[in-house]
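The following exercises concern a single protein model. Please study the sequence and the structure shown below before attempting them.

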Amino acid sequence: VLLRQGNTGQAETYLKEVLALVPGNVTARQLLAQVRMQAGKPREAVAVLEPLLETASGDVLTMAVQAQLAAGDRAAALGLLERAVAATAGNAAAAVEIARAYLVVGEPGRALESLPSVGSPGIEDVAITEGLRLAAM
């Protein structure tokens with residue numbers, strides 16, 4: 001609510017308090033990283049997300065990649081993607097998120113390589129995967 005009201009200072013204070021009590025709170029870390037990005041502090045956003053990156057979901061990974069790119073560190077962004085690929089082998093949903101992140105960093109070839117060959121897919125899986133394939137071409 002504080003963020004939607006533009007009250008980033010109070011939101012940041014509150015989120016820091018939450019993280020002091022519950023350091024593993026993913027939502028609080030994502031919101032604090034968002035506050036730091038809005039404040040033009042992408043390196044601080046990456047630092048906030050760092051504890052989550054070993055087990056990061058696609059949205060956390062994408063946010064961290066975007067922060068690294070905003071900080072001007074394309075190599076670190078690609079490094080995050082490589083870690084994600086290794087950590088999520090066999091997870092089709094994660095592979096799709098990784099492909100999206102590769103597109104963000106301007107690596108369409110790697111995006112295509114990371115997409116799974118879908119075995120018995122649902123229509124949504126096919127639509128997402130094929131949409132990413134088209135975007136990478």
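**Exercise 1.** Which residue caps the N-terminal end of H2?

*Solution.* The model is predicted: local features need pLDDT of at least 70, side-chain atom pairs count only at pLDDT 80 or more, and totals for chains, interfaces and linings use all residues. Residues are numbered from 1 along each chain as its sequence is written, and side-chain values use heavy atoms, with hydrogens and water left out.
- Step 1. Helices (H or I, at least four residues) and strands (E, at least two) are DSSP runs, numbered from the N terminus. Helix H2 covers 26-38.
- Step 2. The cap is Asn 25, with a side-chain oxygen 3.1 Å from the backbone nitrogen of Thr 27.
- Step 3. Just after H2, Gly 40 has a positive phi of about 75°.

**Exercise 2.** State how many helices and strands the protein has, and check the span of H2.

*Solution.*
- Step 1. The protein has eight helices and zero strands, in the order α-α-α-α-α-α-α-α along the sequence.
- Step 2. The expected span of a helix is 1.5 Å times one less than its number of residues.
- Step 3. For the 13 residues of H2 the expected span is 18 Å, and the end C-alpha atoms are 18 Å apart, so the two values agree.

**Exercise 3.** Describe how H2 is placed against H3.

*Solution.*
- Step 1. Axes are lines fitted to C-alpha atoms, for helices over the stretch in contact, and angles run from 0 to 180 degrees between N-to-C directions.
- Step 2. The axes of H2 and H3 come within 7 Å and cross at roughly 170°.
- Step 3. H2 is therefore roughly antiparallel to H3 (angles under 35 degrees count as roughly parallel, over 145 as roughly antiparallel, 65 to 115 as roughly perpendicular and the rest as oblique).
- Step 4. Contact means heavy atoms within 4.5 Å. Residues of H2 including Arg 29, Leu 32 and Arg 36 meet residues of H3, among them Pro 42, Ala 45 and Val 48.

**Exercise 4.** Is Arg 36 buried or exposed?

*Solution.*
- Step 1. Buried means under 20% relative accessible area, exposed over 50%, and partly exposed in between (1.4 Å probe, protein chains only).
- Step 2. Arg 36 lies in helix H2 and has a relative accessible area of 11%, so Arg 36 is buried.
- Step 3. Not counting residues up to four places away in sequence, Arg 36 touches Glu 12, Lys 16, Lys 41, Pro 42, Glu 44, Ala 45 and Val 48.
- Step 4. The buried residues of H2 are covered by elements that include H1, H3 and H4.

**Exercise 5.** Which helix supplies the largest share of the largest nonpolar core?

*Solution.*
- Step 1. A nonpolar core is a set of buried Ala, Val, Leu, Ile, Met, Phe, Trp, Tyr and Cys residues joined through side-chain atoms within 4.5 Å.
- Step 2. The largest such core has 32 residues, and those with the most contacts inside it are Leu 49, Leu 61, Val 65, Leu 81, Tyr 102 and Val 105.
- Step 3. Helix H4 gives the largest share, six residues.
- Step 4. The buried residues of H4 pack against H2, H3, H5 and H6.
- Step 5. Leaving aside neighbours within four places in sequence, Val 105 is in contact with Val 65, Leu 69, Arg 74, Ala 77, Leu 78 and Leu 81.

Terms used. Polar contact = N/O pair within 3.5 Å; in protein donor to acceptor, adjacent residues only side chain to side chain.
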